[in-house]
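User: I should like to learn how salt bridges, burial and surface charge are read from a model. Please take the salt bridges first.

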Amino acid sequence: MKPLSSPLRARQLSGFVCSSCTRQLRRQRRNYTTSRKPEIFDVVCVGGGPAGLSLLAALRSDPTTSPLRIALIESQSLTPLRTYSPSPSTYSNRCSSLTPNSIRFLTEIGAWGHVRQERVQSYTAMRVWDGVSGASIDFPAEVGVNGEVGVVAWMNENLNLGSGLVQRVDELGGVEILDGQKVEDISLGQDTEEGDFSSWPIVRTSSGREVAARLLVGADGANSPVRTFSGIESRGWDYGRVGVVATLGMEGVGWGGEEGKIAYQRFLPTGPIACLPLPGKFATMVWSTTPELAGKLKAMSEKDFVAMVNAAFRLSPVDLAYLHEMDGGQEEEVAWRVKHVGFKEEEVPMEVTSVQPGTIASFPLKLRHADTYIGERIALVGDAAHTTHPLAGQGLNAGQGDVESLAKTIQYSVEHGMDIGTRMSLESYNSERWAQNNLLLGVVDKLHKLYSVESGPLVGLRSWGLRAVDGLGGLKGVIMRQAAGTGVKIL
């Protein structure tokens, strides 16, 4: 992508130079073709991931916002999502946990019905424990008034969700889809005879299309070109950890059977490891660890890798450190050590028996949070606005929360005859979501740091706190409702 420095300078000078001079500077520095007028849209969304597609479905399914002229710009082709036809015996390693609140929203916009339900797995409990002290907490789903057991969350492949969303957007129609086209440049428009577009972003794509946006939405990931254009800073830090993911084959469907599957997470000093259920005898794994240990895991044979995953839920951190130093033969070593360690079988996942070929991968873990989610004619959602550690499984859900809030904000503006792109119109979205996400990111960050400590008084304190919360059913219920997005809003 070409540098966006020229448009940015003109935008940033607007607070210090008179408006007429700023417009002249924009005219001089804009670098899109002057002989062609850009196509005008009310909403242009850059990014066709779950957040961007959910926003399109939400706007098109609402009678108030459906008349808006909407466009989507996505660098990848959406054809694979439209033709999604996976094998029943394989699962993607890119999965997400969807909370009841996210499922409610996806159902309301008509997308959940297009998701392949046979590839979605609910779980009714979650077990979390300290790998150093053994202190644990169990989160069961709440029981309904009629005695029915609720659901903590649903595991689903990102491809499955994306396919369902694309189908819903296609079903609704009315969206100009520019897929397979990268954003080449974003600049500001002109004050012309047709109207004053000097505050409107003009997006030029790799195919030469130029679109003007009353509201430009950045759903374009952590390295968001829309956020760069807007001049909004994103602050945070790298954790010095990577998440190793894989699709696992299990010895059985789970201790609770198909209808009572459990998610497991163990906090180790190098980072947490989670085993999350998929349909049948499959599960998805996320192991947060150091780059060095991740490299060793990825270089192991399948049998040794499987043995290490089983060990991570059963053996002590000292045992794991020794196993990581071995050049090979972890399978035999783990089998011997597990026989001499006391643990309750039903308190850990069933044994992993295989790993799906080609699914072992890793990605860096980082925290980032934009200073604001809005600018003049700019709104950020999902990873463009925030990224967090995966230990709470809330990344995609936070993005869905952003989209629902932004869609309601746009709806309100349309109903009241307001310009949907002005900062004033967007302020309610920013004030609602920034504070909520900042709280989430802060809690997750503190948990990561708290459980990275291997010894000392902090281990005893955190273990005492975990056991205390486990004994307070009411408090656990509050925590679960907040995580599910169904509790009373704190902010």
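Analyst: Side chains of opposite charge can pair when their charged atoms come close. In this predicted model, the side chains of R104 and E108 form a salt bridge with an N to O distance of 3.0 Å. Both residues belong to helix α5 (residues 100-108), where they stand four residues apart, about one turn of the helix.

User: How exposed are R104 and E108?

Analyst: The class follows from the relative accessible area: buried means under 20%, exposed over 50%, and partly exposed in between. R104, at 30%, is therefore partly exposed, and E108, at 52%, is exposed. A second pair, E118 and R116, has its N and O atoms 3.7 Å apart. Here E118 is exposed at 52% relative accessibility, while R116 is partly exposed at 31%.

User: Which residue forms a salt bridge with R377, and what parts of the chain does the pair tie together?

Analyst: The partner of R377 is D419, with the closest N and O atoms 2.7 Å apart. R377 sits in the loop between β18 (374-375) and β19 (378-380), and D419 in the loop between α12 (395-415) and α13 (423-450), so the salt bridge ties together parts that are 42 residues apart in sequence. R377 is buried, with a relative accessible area of 7%, whereas D419 is partly exposed at 25%. The two also take part in a network of salt bridges with D42 and R214. The structure holds 23 salt bridges.

User: How is burial read for helix α9?

Analyst: One counts the residues that fall under 20% relative accessible area. Helix α9 (residues 302-312) has nine buried residues out of eleven, so the rest of the structure largely encloses this helix. Among those buried in α9 are D304, F305, M308 and N310. For the chain of 491 residues, the buried share is 51%.

User: Which residues form the negative surface patch?

Analyst: Such a patch joins like charges that are within 9 Å, on residues with over 30% relative accessible area and no salt bridge. In this model the negative patch consists of E251, E345, E346 and E351. E345 lies in the loop between α11 (330-339) and β16 (352-355), and E345 is exposed, with a relative accessible area of 53%.

User: What share of the exposed area do carbon and sulfur atoms supply?

Analyst: Carbon and sulfur atoms supply 54% of the area that the chain exposes, which is about 21,300 Å².

Notes:
Residues numbered from 1 in each chain as written. Predicted model: local features only at pLDDT ≥ 70, side-chain atom pairs only at ≥ 80, totals over all residues. Heavy atoms only, no water. Patch = residues over 30% accessible without salt bridge, like charges linked within 9 Å, V, L, I, M, F, W, Y side chains within 5 Å. Areas by Shrake-Rupley, 256 points an atom, 1.4 Å probe, with all protein chains shown as cover. Salt bridge = Lys/Arg side-chain N within 4 Å of Asp/Glu carboxyl O. Lys, Arg positive; Asp, Glu negative; His and termini not counted. Charge placed at Lys NZ, Arg CZ, Asp CG, Glu CD. Helix = DSSP H or I, 4+ residues; strand = E, 2+ residues; numbered from the N terminus. Buried < 20%, exposed > 50% of the residue type's maximum accessible area, 1.4 Å probe, protein only.
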